[in-house]
Structure formats: structure tokens, C-alpha cells
Amino acid sequence: MFPHRHAWAGLLVLAATLPAPAAEVNRYLPDDTEVVVFVNVRQLLDAPLIKKHALEQLRAALKENPEGEKFLNAVGLDPFRDIQSVTLAAPGSRAPDRVLLIVAGNFNLDRIHAVADGITRNDPDAVKVHRQGSLRIYESRGKKDGGTGFAAFIDRHTLLVSPAQETVVAAARGAGSQGPRVKKELQELIRQADPGQSLWFAALATSEVREVLKGNPQTATVAEKITSFTGAAALGDAVQVAIQIHATDAGSADEVRRLMEALKGFVQFAALSSKEYGPLFGDILDALTVSSRKNTVTIGGKVPGDLIERGLKKGKRP
């Protein structure tokens, strides 16, 4: 027999009170990672706002690059269907060559390797193959800027990409070790994230960040009091956004809150100078609130879809 309707109601209430699933610490994150940004590509592409205002433009942009579209067709990859998520990991702003992209999706490795082998035979300067044991690492060089990138498929669901070959190799090898390798403070921040969000990020307050804060008279007093940052955005018919600034204690958090409120007021005042965009920026800022609880300051709110649409229409004007 089916459960009584009151039993169903009880189960629904229980489900609503359960915590959201925690994000997992990606095992490919390099041990010196201090910043992580996760983009839920599948959720973004399914969001009503994206479907209504951006999906057709994204598809059109792909078709404007016939060479790229031909390559994707050859390897059997549809980015609008086969890419699930992209995770960016970085050790800090001063080490751009150690940035790593972890792409989760569905990849036809037989076709990809076959196409890559054909390219290396016909144009060895375009793509080179390096081998580290059973790992095939592809090196590509941009024809216009000469920039170099390295990529390796760990399996049919995981692609690693970085400007540096050693970053890809280290991530692939390190994934076999026991447990996450990143700092425990960052692990805790990551596990607080909701993997169902369109986007989330977690970052430690690095020495570079503190130097920037110290260099500004308005933020110099809180530079040593901020420990980390987290944030998330969820796209649906509207955009729900929340950014958290974590401080050393409640008193420091209150100081950061007052600073953020003053900054918000300054931006609102500055927006008045623009007759075209000022009212729009003002409405968006009005939708955001600044609050503090214990040692965390939160800047967030819900930006209605009509405000997003107004901004997009303005941006399309010649």
C-alpha cells in the first residue's frame, strides 16, 4: 500500500529541513591550491535566464568558428550536452602558469586520440604528444598569440588543462594519494558549498590579497582580519547571489560589515552619474543586503529576472 498522505507530508517536511549536500573536495586539486571556482555547466545551460537570453547566442558563436566546430564534430563532443562542470584551481594571483582546469564530462577517448594523432602527423607544430607512463599529454600552441597549453584525459569523464605541463602531471599523479591534498582550511570552505548551485567559489586570504587590501586606505585596517572568502550564485528565473567574507572574530566581522555598507553606498552614489545605467545599477544594489553573523559577513540577495533583462537589452544597444 502507498503511504498515507500525512506520511508523505511528513517526509516532505523532513526533506526540507535536511542540509544541502556538501561539495566534495576534488581529488585533482593541486596541494598548493588557494582559490577554487566551480561552474556547474549543466545547471547553467538549463537555467531559464540562460535559455531565454544566451543559449542561442552561444550556439551561434560556436558556428562562427567553423574550424572549432569541425574539430568538435570530429571528436564527437557537444559542449552543450557533454560538459558537466568546470573547476578552476589556482595557487594565487602570482602563479598563472600553475592554474589548473578540471573539466568533468563525457569524452569519446577513442575518437579524440585518433583525431589528435592525425593532427600530429599532418601538422606536428600544432599538437605534440608527451607521455608520462600511460598518460598522454597534448601540447597545443596558439597560431595567433603563440600561447602554449597542455591537456590530458585521465579517463572518459575527466580532462585536465593547464598552461604548464608539470601542473597537469602533478595533478594526475597526486590524485592517487590518500585523501585531499589541499589545506584543511580550504577543504572546510569547499565542503560548505552546495554542488547544486550554478557557481560557487572558495578562497583563502592569500598574501597577495592582503597586500592589495593594505594598499587601499579604506581597507588597510581589515587586511589582517580577513581569513577567507566564499560565495555562490544560483540562476533560475532570477539570480540568487551570496558572497561571504570570513574574519578572525565577530568584532572584526562587524568592522568589515560597516566597510562593505559604506562601499555599497559609495557605488550607489557613483551610479547616479550615469543617466542610462544609474537607475539599473541602483535597483540591483538595492536588491543586495549586507549583514554579519558571528565572524562572517554576507553580501547577497535576489536580483529579479526583469532587472537582468533590462541590463541585457541595454547592452545590446549600438
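**Side-chain pairings, salt bridges and local packing**

In the predicted model, Arg59 lies over the face of Phe80, at a distance of 4.5 Å from the centre of the ring. Aromatic rings also pair with one another, and the count of aromatic pairs in the structure comes to 2. In one of these, the ring centres of Phe38 and Trp200 are 5.5 Å apart and the ring planes meet at 20 degrees, so that the pair is classed as stacked. This pair links distant parts of the chain, since Phe38 belongs to strand S1 (residues 35–39) and Trp200 to strand S8 (residues 199–204), with the two positions 162 residues apart in the numbering. Both Phe38 and Trp200 are buried.

A second pairing is made by Phe107 and Phe153, whose ring centres are 5.3 Å apart; the planes of these rings stand at 70 degrees, and the pair is therefore edge-to-face. Here too, distant parts of the chain are linked: Phe107 is placed in the loop between strand S3 (100–105) and helix H7 (109–122), whereas Phe153 is placed in strand S6 (residues 148–155), and the two are 46 residues apart. As to their surroundings, Phe107 is buried, and Phe153 is buried as well.

Turning to charged side chains, a search of the whole structure finds 12 salt bridges. Among them is the salt bridge in which the side chains of Glu69 and Lys63 meet, with a distance of 3.3 Å from N to O. Glu69, at 21% relative accessibility, counts as partly exposed, while Lys63, at 55% relative accessibility, counts as exposed.

Another salt bridge is formed between Arg210 and Glu224, whose closest N and O atoms are 3.7 Å apart. The pair links distant parts of the chain, with Arg210 in helix H10 (residues 207–214) and Glu224 in the loop between H10 and strand S9 (226–235), at a separation of 14 residues. Arg210 has a relative accessibility of 21% and counts as partly exposed; Glu224 is also partly exposed, with a relative accessible area of 46%.

In helix H11 (residues 250–271), Arg257 and Asp254 are 3 residues apart, and therefore about one helical turn separates them. It is a general property of the α-helix that there are 3.6 residues a turn, so residues three or four places apart point the same way. Arg257 and Asp254 form a salt bridge, in which the closest N and O atoms are 2.6 Å apart. Arg257 counts as buried because its relative accessibility is 18%, below the cut-off of 20%, whereas Asp254 is partly exposed, with a relative accessible area of 26%. Both residues take part in a network of salt bridges that links Asp254, Arg257, Arg258 and Glu261.

Helix H11 also contains Leu263, a residue that is partly exposed, with a relative accessible area of 44%. Together with Phe266 and Val267, Leu263 forms a nonpolar patch on the surface, and the accessible area of these residues together is about 290 Å².

Packing was also examined at helix H8 (residues 165–174), in which the buried residues are Gln165, Thr167, Val168, Val169, Ala171 and Gly174. The buried residues of H8 pack against a set of strands, namely S3, S4 (127–132), S5 (135–141), S6 and S7 (158–162).

A further set of contacts is centred on Gln240, which has its place in strand S10 (residues 239–247) and counts as partly exposed, at 40% relative accessibility. When residues up to four places away in sequence are not counted, Gln240 touches Ala232, Ala233, Ala234, Gly301 and Lys302. For one of these partners, Gly301, the C-alpha atom is separated from that of Gln240 by 5.9 Å, although the two residues are 61 residues apart along the chain.

The backbone at Lys294 was considered last. Lys294 is found in the loop between strand S11 (288–293) and strand S12 (296–303), and with 60% relative accessibility it counts as exposed. Its phi is near 55 degrees, a positive value in a residue other than glycine. In general, most residues other than glycine have a negative phi.

Note on methods. Residues are numbered from 1 along each chain as its sequence is written. This is a predicted model: local features need pLDDT of at least 70, side-chain atom pairs count only at pLDDT 80 or more; totals for chains, interfaces and linings use all residues. Side-chain values use heavy atoms; hydrogens and water are left out. Rings of Phe, Tyr and Trp (its six-membered ring) pair if their centres lie within 6.5 Å; planes under 30 degrees apart count as stacked, over 60 as edge-to-face and the rest as tilted. Helices (H or I, at least four residues) and strands (E, at least two) are DSSP runs, numbered from the N terminus. Buried means under 20% relative accessible area, exposed over 50%, partly exposed in between (1.4 Å probe, protein chains only). A charge sits over a ring if NZ of Lys or CZ of Arg is within 6 Å of the ring centre and within 35 degrees of the ring normal. A salt bridge is a side-chain nitrogen of Lys or Arg within 4 Å of a carboxyl oxygen of Asp or Glu. Patches are made of residues with over 30% relative accessible area and no salt bridge: like charges are joined within 9 Å, nonpolar side chains (Val, Leu, Ile, Met, Phe, Trp, Tyr) within 5 Å. Accessible areas come from the Shrake-Rupley method with a 1.4 Å probe; for residues, only the protein chains shown count as cover. Contact means heavy atoms within 4.5 Å.
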